[in-house]
Amino acid sequence: MAFDGITVACLRQELSDALTDGKIAKISQPENDELLFTIKNNKNNYRLLLSANASLPLAYLTDTNKPAPLTAPNFCMLLRKRIGNGRITAITQPGLERILVFHIEHRNEMGDLCTWKLMVELMGKHSNIIFCNDENRIIDSIKHVSANMSSVREVLPGREYFIPQTQEKADPFTITEEEFYEKVCSRPMPLAKAVYTTLTGFSPLMGEELCHRASLDGGFSAESLDDVSKMHLFQTFRRLMEEVQGPSHCRIYYDNEVPVEFSPVELTQYATSQSAEFDTVSLMLETYFAQRSLVTRIRQKSTDLRKIVSTALERAGKKLILQEKQMKDTEKKDKYRIYGELLNTYGYSLQGGEKSLTAVNYYDGQEIQIPLDPTLSAGENAKKYFERYNKLKRTADALEEQIAETKEDVAHLESISTALDISLHEEDLLEIREELAEFGYLKSRGPVGKKRIARNSAPLHYRSCDGFDIYVGKNNFQNELVSFKLGTGNDWWFHAKGMPGSHVLVKNGGKEMSDAAFEEAGRLAAYYSKGRQAPKVEIDYTQKKNLKKPGGGKPGFVVYYTNYSLMAEPTIDGIEEVQ
């Protein structure tokens with residue numbers, strides 16, 4: 001993800017089309033490093049968000065309003081005085097720098113027309129919003145930068161505004177073919193790096209994109225390119241710059257429903273990835289960062305739960321390995337039983353003091369040699385073998401129960417791990433935390449039970465293309481609800497075969513379901529399962545009346561003996577979600 005100069009260029013064009021000649025009707029400062037403008041233009045009201053946040057600098061048009069503090073900060077009061085009710089005459093960008101310049105006309109108290117500039121620098125930790133006069137003299141800024149903070153440039157009232165030339169990069173719009181060869185293709189470094197460290201506005205992502213479009217390896221040395229490759233790279237670069245100046249093709253690219261990149265130009269290197277297209281750069285940016293923020297926040301809040309589940313799974317796995325090894329050791333118990341039986345049958349032939357007895361095993365007709373303790377009689381040796389047999393038999397019986405319990409624990413923990421992967425909201429994590437506390441994996445923070453669970457999140461609700469309601473449990477408590485509370489006898493139930501996943505229920509209201517409804521329910525069951533990254537997932541489906549809850553079973557665990565199967569793609573594209 002890169003809020004680079006190319007993205008800013010496409011955003012500038014969008015803002016220019018929407019806001020040029022617009023009147024600034026309202027200015028607020030909802031955060032210390034953020035401004036929200038309301039601009040009236042062409043009978044429309046636009047909200048423009050400008051953020052100089054060090055970790056997330058942004059600029060885009062939004063429909064979302066933000067509450068302003070009761071007392072406006074000084075910078076906001078200054079802007080209200082100088083440019084409130086002013087007119088935006090132009091929005092420019094110096095080259096492909098990550099800077100937007102808003103040119104604003106406003107009449108002062110004397111009625112004289114004044115021209116101001118609002119510089120929005122979207123430069124990571126160096127981001128700032130700087131208010132200047134028409135001579136580029138700084139009036140004030142949302143962040144003050146003194147000489148103690150930066151040796152390159154002071155950002156203080158009265159200082160002259162300039163763009164710091166910390167890196168001598170070439171302007172992609174004006175660079176010639178000869179300069180491109182000299183400055184990009186002669187550098188002793190990987191080609192993609194040579195591109196983004198030489199050209200203004202190019203991020204590592206766009207450097208890799210240019211190489212991919214030119215069918216060149218971005219890790220290949222730039223200075224090793226032959227003349228044909230250099231020429232092809234430059235022509236590809238020119239076509240890319242033409243695309244930047246043309247209509248935006250805004251897309252967000254996903255990896256397993258997690259947004260990983262956005263771009264106002266097509267990213268051919270992500271051609272096979274899932275993507276979503278947007279009409280405007282602003283909508284793309286707002287959607288991307290909202291989704292990314294949601295995913296990041298939920299993952300951060302679930303870190304402790306993931307660690308608990310991972311540790312418990314590891315312990316249960318080691319415990320299961322040990323138990324199965326012990327069970328294998330008990331397999332010799334039947335040999336000891338046979339030894340004892342044969343000694344009782346043939347022991348009369350022993351004279352005493354023998355170290356072994358050779359006899360015919362009447363179970364398979366094969367000759368067998370039985371080790372003996374020469375200090376014991378035949379009966380005493382037989383008794384010793386029967387004692388070994390009984391001890392191993394008791395161990396095997398106990399281990400059989402223990403292994404079944406441990407396997408159930410592993411399946412339970414894997415289902416919780418899958419529930420963490422599909423959690424979307426903090427309420428989902430609360431239910432998982434309650435379940436872990438209920439089964440002793442962590443200390444309870446308060447009373448758990450149906451009353452508290454009922455206040456938490458509800459199962460996901462979808463609707464098939466022909467109107468059937470589909471419910472999807474996001475964790476074991478919700479799976480229990482979906483399977484045994486929401487469902488009636490003839491409703492259809494779906495689940496990924498042989499792996500943890502959500503219970504999916506289709507409410508058919510006694511009507512016959514279409515093939516499309518079965519297919520969509522199957523896709524939901526595949527997507528909300530451990531197999532969501534597989535190309536296809538086998539799905540079991542049956543009517544709710546065939547489900548049984550095993551006695552003493554953990555929440556969300558069911559058994560069924562009658563079912564059908566289908567193969568489904570783990571994707572929910574085109575399935576309507578009911579909010």
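Axes here are lines fitted to C-alpha atoms, for helices over the stretch in contact, and the angles between N-to-C directions run from 0 to 180 degrees. With that in hand, the predicted model can be looked at one helix pair at a time. Two packed helices are described by the angle between their axes and the distance between the axes. For helix H8 (residues 303-329) and helix H11 (residues 426-438), the angle comes out at about 35° and the axes sit 11 Å apart. The crossing of H8 past H11 is left-handed. On the H8 side, the residues that take part are Asp304, Leu305 and Val309, and they meet Leu429, Ile432, Arg433 and Leu436 of H11. Sorted by class, this contact has five nonpolar residues, two charged ones and no polar ones.

Helix H4 (residues 191-198) gives another view of packing. Its buried residues are Leu191, Ala192, Ala194, Val195 and Thr198. These residues span an arc of only 165° around the axis, so they lie on the same side of H4. As for partners, the buried residues of H4 pack against three elements: helix H3 (177-183), helix H5 (204-213) and H6.

H6 itself covers residues 227-245, and Arg239 is part of this helix. Arg239 has a relative accessible area of 46%; buried means under 20% and exposed means over 50%, so a value in between makes this residue partly exposed. Along the chain, Arg239 and Leu267 are 28 residues apart, while 14 Å separates their C-alpha atoms.

Turning to the backbone, two non-glycine residues with positive phi are worth a look. Asp21 is one of them, with a phi of about 75°. This residue sits in the loop that links helix H1 (5-19) to strand E1 (23-31). The relative accessibility of Asp21 is 47%, and therefore Asp21 counts as partly exposed.

Asn85 also has a positive phi, near 70°, and is likewise not a glycine. Its place is in the loop between helix H2 (74-83) and strand E5 (87-92). At 53% relative accessibility, Asn85 is over the 50% cut-off and so counts as exposed. Each of the two residues thus falls in a loop that runs from a helix to a strand: H1 to E1 for Asp21, and H2 to E5 for Asn85.

Conventions. Residues numbered from 1 in each chain as written. Predicted model: local features only at pLDDT ≥ 70, side-chain atom pairs only at ≥ 80, totals over all residues. Heavy atoms only, no water. Helix = DSSP H or I, 4+ residues; strand = E, 2+ residues; numbered from the N terminus. Buried < 20%, exposed > 50% of the residue type's maximum accessible area, 1.4 Å probe, protein only. Left-handed = near helix turned anticlockwise from the far one by under 90°. Contact = heavy atoms within 4.5 Å. Nonpolar A, V, L, I, M, F, W, Y, C, P; charged D, E, K, R; others polar. Arc of directions from axis to C-beta.
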